[in-house]
Amino acid sequence: MGKIIAIANQKGGVGKTTTTVNLAAALGVLEKKVLLIDADPQANATSGLGVDVDSIELGTYQLLEHTKTAEETIIETTSPNVDLIPSHIDLVAIEIELVDKDEREYMMKKAVTDLKNQYDYILIDCAPSLGLLTLNALTAADSVIIPIQCEYFALEGLGKLLNTVKSIQKIHNADLDIEGMLLTMYDSRLRLSNQVVEEVRKHFEDMVFETVIQRNVRLSEAPSYGESIIKYDASSKGAANYLNLANEVVKKNKEVV
């Protein structure tokens with residue numbers, strides 16, 4: 001039985017999509033079967049895996065509308081062991097279309113639960129908001145990874161996200177767990193980066209991943225080539241960071257089992 005992990009933070013630019021794409025690729029390298037669901041209308045995870053967004057006919061929109069089965073929306077990627085349910089700008093309309101539907105928060109859960117038998121990990125790249133799309137992802141997920149940027153406003157909005165997680169646990173998904181907080185865009189030369197790491201570790205202790213994602217030029221370049229960092233430059237610091245994270249996730253879930 002696989003595990004569904006949402007990667008969420010309503011703050012933009014914290015490394016959500018970078019983490020989703022590269023964690024998926026790293027888990028694939030570790031011979032885990034992975035499905036990435038792009039639940040962000042910006043479709044950056046889709047293009048980041050080398051898929052032409054304009055060519056998308058079926059994806060997360062149809063999945064949430066329940067007009068197609070999950071199997072019909074899955075496409076293969078060039079990353080080993082990684083499949084994708086792609087996104088498209090059309091997904092912007094889904095929040096308006098779902099708003100008057102019964103059980104609108106459970107649309108993704110109903111669509112993807114059966115897929116847990118086919119994959120080791122299902123990763124959901126969430127939109128940078130706490131709207132209906134993110135709510136659907138968190139209701140469907142077993143756990144959530146929260147990327148936190150090592151910058152001044154890092155902790156701003158984190159309380160709001162944690163409150164959202166608590167209310168989802170209370171109302172929609174009692175089993176939702178925090179997989180971990182992931183420190184991203186770390187620059188060891190900056191005192192501020194070190195202060196943020198210290199602060200987050202002090203407050204959240206073992207909820208924080210040991211792995212820290214460092215600032216890395218190769219990591220920033222990879223999406224423009226439609227490749228994960230593993231494929232773009234396997235010897236880079238960014239690739240090493242995400243392989244470490246994947247190992248940490250696998251180890252953590254073995255211990256839980």
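**A walk from a salt bridge to the core**

Okay, let's start with one residue: aspartate 233 is buried, with a relative accessible area of 15%. The cut-off behind that word is under 20% relative accessible area. Before I go on, please keep in mind that this is a predicted model.

Which residue does the side chain of aspartate 233 meet in a salt bridge? That's arginine 218, at 2.9 Å from N to O. Aspartate 233 sits in the loop between α11 (229-232) and α12 (237-256), while arginine 218 belongs to helix α10 (residues 217-221), so this pair ties together parts that are 15 residues apart in sequence. Arginine 218 itself is partly exposed, at 32% relative accessible area. And there's a third member here: Glu221 joins Arg218 and Asp233 in a network of salt bridges.

How many salt bridges are there by this rule? The count is 9. Let me show you two others.

One is between lysine 116 and aspartate 142, whose side chains meet at 3.1 Å, N to O. You'll find lysine 116 in the loop between α6 (107-112) and β5 (121-126), and aspartate 142 in the loop between α7 and β6, so the bridge ties together parts that are 26 residues apart in sequence. Is lysine 116 buried or exposed? Lysine 116 is buried, with 13% relative accessible area. Aspartate 142 comes out as partly exposed, at 22%.

The other one joins aspartate 187 and arginine 189, with their closest N and O atoms 2.8 Å apart. Here the two partners sit on opposite sides of the labels: aspartate 187 is buried at 11% relative accessible area, and arginine 189 is exposed at 72%.

Now the inside. As a rule of thumb, in soluble globular proteins nonpolar side chains tend to be buried together. In this model, the largest nonpolar core has 51 residues, and the ones with the most contacts inside it are Met108, Val112, Ile124, Ile146 and Leu183. Which helix gives the most to this core? That would be α7, residues 132-140, which puts in 6 residues. Apart from that core lies another one, of 33 residues, with Leu27, Phe209, Ile229 and Leu245 among them.

Let's stay with α7 for a moment. Why can we call α7 largely enclosed by the rest of the structure? Because 9 of its 9 residues are buried. The buried residues in α7 include Leu132, Leu133, Leu135 and Leu138, but also Thr134, Asn136 and Thr139.

And what does leucine 183, from that list of core residues, touch? Leaving aside residues up to four places away in sequence, leucine 183 touches Ile148, Cys150, Val196, Val197, Val200, Arg201, Val208, Val212 and Ile213. If you have the structure open, try putting leucine 183 in the middle of the view and finding those neighbours.

On to the aromatic rings. By this rule there's 1 aromatic pair. The rings belong to tyrosine 225 and tyrosine 232; their centres are 5.0 Å apart and their planes are at 25°, so the pair counts as stacked. The cut-off for that word is planes under 30 degrees apart. Tyrosine 225 is exposed, with 55% relative accessible area, whereas tyrosine 232 counts as buried, at 17%.

Next, the surface. Tyr152, Phe153, Leu190 and Leu192 form a nonpolar patch there, and together they have about 440 Å² of accessible area. Where is tyrosine 152 found? Tyrosine 152 is in the loop between β6 (143-149) and α8 (158-171). At 64% relative accessibility, tyrosine 152 counts as exposed.

Last stop: two backbone details. Alanine 43 has a phi near 60°, which is a positive value in a residue other than glycine. Alanine 43 lies in the loop between β2 (34-39) and α2 (44-48), and is buried, with a relative accessible area of 2%. Histidine 66 also has a positive phi, near 60°. Histidine 66 is in the loop between α3 (60-65) and α4 (70-73), and is partly exposed, at 37%.

That's my tour, thanks for listening.

Definitions and conventions. Residues are numbered from 1 along each chain as its sequence is written. This is a predicted model: local features need pLDDT of at least 70, side-chain atom pairs count only at pLDDT 80 or more; totals for chains, interfaces and linings use all residues. Side-chain values use heavy atoms; hydrogens and water are left out. A nonpolar core is a set of buried Ala, Val, Leu, Ile, Met, Phe, Trp, Tyr and Cys residues joined through side-chain atoms within 4.5 Å. Buried means under 20% relative accessible area, exposed over 50%, partly exposed in between (1.4 Å probe, protein chains only). Helices (H or I, at least four residues) and strands (E, at least two) are DSSP runs, numbered from the N terminus. Contact means heavy atoms within 4.5 Å. Rings of Phe, Tyr and Trp (its six-membered ring) pair if their centres lie within 6.5 Å; planes under 30 degrees apart count as stacked, over 60 as edge-to-face and the rest as tilted. Patches are made of residues with over 30% relative accessible area and no salt bridge: like charges are joined within 9 Å, nonpolar side chains (Val, Leu, Ile, Met, Phe, Trp, Tyr) within 5 Å. Accessible areas come from the Shrake-Rupley method with a 1.4 Å probe; for residues, only the protein chains shown count as cover. A salt bridge is a side-chain nitrogen of Lys or Arg within 4 Å of a carboxyl oxygen of Asp or Glu.
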